[in-house]
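Colleague: I would like to learn how to read a model of this kind, one feature at a time. Could you give me the general idea first and then the case at hand?

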Amino acid sequence: MDFSLLRNIISRYCVGEEIWVDSRTVYIGHKEPPPGAEAYIPQRYPDNRIVSSKYTFWNFIPKNLFEQFRRIANFYFLVIFLVQLIIDTPTSPVTSGLPLFFVITVTAIKQGYEDWLRHKADCSINECPVDVVQQGKVVRTQSHKLRVGDIVVVKEDETFPCDLILLSSSRPDGTCFVTTTSLDGESSHKTYYAIPDTMAFRTEQEVDSLHATIECEQPQPDLYKFVGRINIYKDKEEPVARPLGAENLLLRGATLKNTQHIHAVAVYTGMETKMALNYQSKSQKRSAVEKSMNAFLIVYLCILISKAVINTVLKYAWQWSPDRDEPWYNHRTEHERQRHVIRAFTDFLAFMVLFNYIIPVSMYVTVEMQKFLGSYFISWDEEMFDEELGEGAQVNTSDLNEELGQVEYVFTDKTGTLTENNMEFIECCVDGNVYIPHAICNGQILSAASSIDMIDASPGGYRRVSVGFVLHSCFNYAPSNSEYEDLFFRALCLCHTVQVKEEETVDGIKRGIHQGRPTSFYISSSPDEVALFPKIFIGSSNIKLYYVIVKSSSGDYLLFCKGADSSIFPRVVSGKVEQVKARVEQNAVEGLRTLCVAYRRLSESEYQEACHHLMEAKLALQDREQRLAQAYDIIERDFVLLGATAVEDRLQEKAADTIESLHKAGMKVWVLTGDKMETAAATCYASKLFRRTTQILELTKKRTEEQSLHDVLFELNRTVLRQHCLDFGLIIDGATLSAVLKPNQEGAGHGNYREIFLEICRNCSAVLCCRMAPLQKAQVKELIKASKEHPITLAIGDGANDVSMILEAHVGIGIMGKEGRQAARNSDYAIPKFKHLKKMLLVHGHYYYIRIAELVQYFFYKNVCFIFPQFLYQFFCGFSQQPLYDTAYLTLYNISFTSLPILLYSLVEQHVSMDTLKREPSLYRDIAKNSLLRWPVFLYWTCLGVFDAVVFFFGAYFLFDNTTFTSNGQMFGNWTFGTLIFTVLVFTVTLKLALDTHHWTWINHFVIWGSLLFYVIFSLLWGGIIWPFLNYQRMYYVFMQMLSSGPAWLSIILLITVSLLPDVIKKVLCRAMCPTATERAQVQCLSFCCHFHYIFHCV
Amino acid sequence: MMASSYNAKEEDGHHSGASSGTGVSKNKKPDNTAFKQQRLPAWQPILTAGSVLPAFFVIGLIFIPIGIGLYVTSNNIKEFEIDYTGVSSDSPCYNCAKNFTWNTTEPCVCTVNFTLHQPFESNVFMYYGLSNFYQNHRRYVKSRDDRQLNGDLSALTDPSKECEPYRKSGDVSIAPCGAIANSLFNDTLVLYYVDSNNSISEIPLVKKGIAWWTDKHVKFRNPAGNGNLTLAFKDTAKPVNWAKPVYELDPLDPENNGFINEDFIVWMRTAALPTFRKLYRIIQKKSGATPTLPNGNYMLNITYNYPVLSFDGRKRLILSTISWMGGKNPFLGIAYITVGSICFCLGVVLLIIHHKYDNRNTSADIPS
């Protein structure tokens, strides 16, 4: 880190003492240690200001310029500009300097604006209030004023303002719970500990009386590592030193949960916090279009260099005879004669400068503006606005607009994405007896129960909600007639309660669950039992089990556990397993989500042992994960099955329609879910991911148990390859997937599972991956992304567990769902509902793709048209680098004469109407695989450009050659020649765009005709006055003289016609001979419209 | 590039204190305007064979007559061209061309005889043509100072650097400076008509109106000097290759002397291609029915001052009449006829295609 380095240097020189630079000493409450204990070294740390902005007012210009010139294109133009300044080049530095300046300015304004927004955001963060203990009182101050050593008070659900060492908590055991969702995406609550010496502090005075220093390492980015030591000074005693570890360090950005308040001391502040050190902008995603653009650019660069080389060589060949090199009328200066050696090189550079416009300087800025402005259409879209949420689509990056039109694989989460994530309690099965809400509630408040919607913003909420339903319904069912039922409900109640609001159980009075909804029925029935919890242990092990250990009044230790059936059943030893299992499976087939509940009675010794193991594991510094797993294994066995619950999660509206459209558009849809196979499959059928005709291939644990994985894979592969025409769907579960993906250890023979699996997947239109762990979601994506076709993938999800997948995919889409905003925040685009994906891809994606494809191709085309005549002219001017066009034309061609029409085209073009695109998803296939930017298309555009350039140049050449153009016998010069070509050029490229425009709004008319008019007016003005600031008046009256000549008009019209002819013919012939689906749709729409109009008129 | 712009928001979310205000602006519903919803009314033209067809026929029908008109006009223009460089030993100017030296006091004069077989009826424009002369060479094109030519006094004594190496002669600056001015075409051409009884009569040549009006009256101006050009140019030197200074270009006519000498202005408009012609003189049509240049023998008297053999150049004299569309230029007419015919043929082809494919397409589409 620069800071620490700088600080080290400063401290070394200022303090003048060799101090241990790898550590820092924090004086809690800024109190000096007692004299003699240690030298008090006042240290300077940055304050708690967070700076996410890149620039300040002062360094904006130099830093921004530096950033911009790091981009290769800008640097290229800078070099050209400098070359023009240094050596004698054909064009003035203005011609490349002005466009470059324009581009740089536009970009700088945009970045400055963004940075201003960041400054504003920083400000609001830095000024958010923080409670600090000063002289035994709580003082409210602003976040950025926090200093290292300050004692901070944080209340429940507040975010930590900096990295803190926990001193005490409102909980008696000195622990607090924290969620670090915003740091690492883990939604579970983590426990942090205060050191025993300080955990008893309750009041501010007590905290303030603490006299201690903390020695700790200098800030480093590893979130899970912290080494430190606290020295507590008590009156005239040796200081007590306690070790500090990561479990004492509360990180900035994490949120305090389930703890009323804590006291903690700041150790790292501001930019030194671990969050800030970890803060990095999301890795840049580059769209396929950008990649082809860069490839084209390289081709053009090669063309440019070869042009310059050819011309340089020819120049020297031509100049071989001294009469040509230096005829009597055109001598070199002495200065020019002397520089023999570098002359060839400067000639080469001069040719480069002359032809440099072939690389369109304004393309980047236009593309950027197009993306930036274009993304507003997505957020403006009313159809993607959700009334319920009150939000519309949100664009987090505009870099990928066109990638939305290129998606081949869609990876979707199930819960909350395909489904509503609005759980409705359907039934529960206790000890083999099935209860449905009616029976349970005895007809009491069923309607209320079913209408509850419990939206919890934090990830994993649905589990709570589901239980909440059960609870609510169940509590109304007062008489518990069997022990099992009692236990069952108790299990649900406890497991659940402990998860959500722990203090309720701690206090021993279950006042309410979930937003204060009274649950008095249950509580009144057995308050004595519930009330006594000497020790509560909550856990959520990695096998998706949630459990709680309680001590009942009778002294028994009970372990209640709930979790997925696959996790519970293997650990169950008794209970009505068969009946429950059957019920669970039936429910799953109906698409219900199931949850099993079990319990275990622990003896005192067992409990102690388990506790011991767990504690030990938790305190372990090495292999903590592994030891925890071992400890869990000891606890998680010998369960007694209590029962199961089933809740329904309905499909989102129009989810089926959306999936169907995506299928028709040629996309392969993968559903990744943690659910049971049966549940997920039922959802898939309901959402039309699998149709009745789909042949389902199964690659599940069940099958691989029967056959070896090898055989199954090969058999499936054979099936797929045999029947090409069939519609295949694949179901794979997490276990099998990891087996497939596992790097081969058994020898080379089985190594190709990956390939075979990919081969199968390629032929399946729909794939369902069930029982997936969050990490596997990203793995699957990685697998597809790395396959040899490099397909464009899209991931859509709503929860924190989808974040890895969303970040991994080419395009990540977040649903602003009920599992929090984590996914939406990390995504590239966020939409309120799954159904909006249809419009996003089929309409916006399609439009943006064709727009940007045309933009890129057209840019190269118009610059070929522009520069190629210049190249040809060299053959007629003795390779002397004489420019064909005037400086003003060279400068303004790209930035004003031809810039706006294409920008507007790339913003508003709609080659097919929106409704048609939505009605016929198959049109999406027309643009699949970057079809508009493939090499043949690029070649066509380039050839068209070269053809047009040849027409312009030789047309003008033959018209001009040795003839008089005017009716008064006067002659035109070389500038008229160039202006004639330039006029034809501007009109041709603009009209070419007009021919490509399928959607003429008034803005198109305005811009296209307006920019032609602008050209004419500009030329008249430019040639109409003797410009006092110019050294030359070469354009004086040239344009007007040209317009006064009849043949000039005739040749302009002729040349424009000839240049446009081939493109028109190509368009018409292609459309007539082999129309694409899009072209058919255009015509159909047209005839449909006509028809409609006709009917309209008749009526 | 754009990803960073929204990072600020992200940061925001980490802090509950800061994000608490987000609930206030609930009404984020986008405006339902036609522009924002991309539903502006639009004309949606499609280039189908059917719709393009008429355009092709129309272009064909318009272009072919224009082409024929141009071609006929071009053919009616009379043009006569004669090379007087003197390359071959039998040409009259051979000696002049061969013995050329720069610093000669005695100009070499040669005479070329030619015959016009057809009379030139209207105004005849007399051009000189140069070949293989790179007036469009970059070093040449920029070697001028427009400020000086516009009468700027400071530029007169201190011409632009672009004029190098024709900027200063010794310590005195050259006016007009630069390579273009230095290489001013200085052959003098005089035309005589030899009538049937061998009597020679000089044909009056008009030297006004050969330069652009704007050049003569705005772009080129003599430096202010109380009407006395000699005085105005007193601190300047003549261009190296010139025989006389700029204020003696046309001593008889002050309106055609100095920088505003029309021959000079014409020369200063650099040609686009290495083979070019420049207007030299105009032969006004005489009143009455007599042709401007009747058919018969002519004699061209050349004061041979301008060397072109060193760079393998050629000098020509061109006599041409002019129509509304300029000089003789068959290319334009032919091009129009060709393009017109192509369009017409394409129209026919498209008609066939339209009938053949469109029926198929529509019949395929309608059931769906």
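Colleague: Let me begin with the sheets: in what order do the strands of the open sheet of 6 strands in chain A lie, and is the pairing parallel or antiparallel?

Modeller: Please keep in mind throughout that this is a predicted model. Strands of a sheet pair through backbone hydrogen bonds, either parallel or antiparallel. In chain A the open sheet runs in the order β3-β2-β4-β13-β5-β11, and its pairing is antiparallel. At the edges are β3 (137-142) and β11 (249-250) of chain A, each of which pairs on one side only.

Colleague: How many bridges hold β5 of chain A to β13 of chain A, and which residue is the bridge partner of Leu166(A)?

Modeller: Strand β5 (residues 163-169) and strand β13 (residues 261-268) of chain A are joined antiparallel over 6 bridges. Leu166(A) has Ala264(A) in β13(A) as its bridge partner.

Colleague: Turning to chain B, which strands pair with β11(B), and in what sense?

Modeller: Strand β1 (residues 79-83) of chain B pairs with β11(B) in the antiparallel sense over 5 bridges, and strand β3 (residues 124-131) of chain B is joined to β11(B) by 8 bridges, also antiparallel. To locate these pairings by eye, look for Phe80(B) opposite Leu319(B) and for Phe125(B) opposite Ser320(B).

Colleague: Is β11(B) mostly covered or mostly open to solvent?

Modeller: Strand β11 (residues 314-321) of chain B is mostly covered, with 7 of its 8 residues buried.

Colleague: That leads to the interior. Which residues touch the most other members of the largest nonpolar core?

Modeller: In soluble globular proteins, nonpolar side chains tend to be buried together. Here the largest nonpolar core has 203 residues, and those that touch the most other members are Phe982(A), Phe114(B), Phe264(B), Trp267(B) and Leu319(B). Helix α33 (residues 836-874) of chain A gives this core its largest share, 18 residues. A second, separate core has 48 residues, among them Leu404(A), Met677(A), Tyr848(A) and Leu904(A).

Colleague: Which residues does Phe982(A) touch, if one leaves out those up to four places away in sequence?

Modeller: With those sequence neighbours left out, Phe982(A) touches Phe866(A), Tyr885(A), Tyr889(A), Tyr893(A), Phe897(A) and Tyr1015(A).

Colleague: How much area do chain A and chain B bury between them?

Modeller: The size of an interface is often given as the accessible area lost when the parts come together. For chain A and chain B this comes to about 11100 Å², of which 58% is on carbon and sulfur atoms. The contact involves 137 residues of chain A and 111 residues of chain B.

Colleague: How many salt bridges cross the interface of chain A and chain B, and which side chains meet there?

Modeller: Side chains of opposite charge can pair when their charged atoms come close. Across this interface the rule finds 1 salt bridge, in which Arg39(B) meets Glu383(A) at 3.0 Å, N to O. Both residues belong to a network of salt bridges that links Asp381(A), Glu383(A), Lys839(A), Lys918(A) and Arg39(B).

Colleague: How many salt bridges does the structure hold over all chains, and how far apart in helix α4 of chain A are Asp115(A) and Arg118(A)?

Modeller: Over all chains there are 42 salt bridges. Asp115(A) and Arg118(A) form one of them, at 2.9 Å from N to O. Because they are 3 residues apart in helix α4 (residues 93-126) of chain A, about one helical turn separates them. Asp115(A) and Arg118(A) are both buried.

Colleague: Which parts of chain B does the salt bridge between Asp263(B) and Arg281(B) tie together?

Modeller: The closest N and O atoms of Asp263(B) and Arg281(B) are 2.9 Å apart. Asp263(B) lies in helix α11 (residues 262-268) of chain B and Arg281(B) in strand β9 (residues 276-283) of chain B, so the salt bridge ties together parts 18 residues apart in sequence. Arg281(B) has a relative accessible area of 11% and therefore counts as buried.

Colleague: Finally, how is chain B divided into domains, and how far apart do their C-alpha centres lie?

Modeller: The domain assignment gives domain 1 (51-77 + 333-355) and domain 2 (81-322) of chain B, with their C-alpha centres 42 Å apart.

How values were computed:
Residues numbered from 1 in each chain as written. Chains lettered and ligands numbered in written order. Predicted model: local features only at pLDDT ≥ 70, side-chain atom pairs only at ≥ 80, totals over all residues. Heavy atoms only, no water. Buried < 20%, exposed > 50% of the residue type's maximum accessible area, 1.4 Å probe, protein only. Helix = DSSP H or I, 4+ residues; strand = E, 2+ residues; numbered from the N terminus. Pairing = 2+ DSSP bridges. Core = buried A, V, L, I, M, F, W, Y, C linked by side-chain atoms within 4.5 Å. Contact = heavy atoms within 4.5 Å. Buried area = accessible area lost by both parts, 1.4 Å probe. Salt bridge = Lys/Arg side-chain N within 4 Å of Asp/Glu carboxyl O. Domains from an automatic or database assignment.
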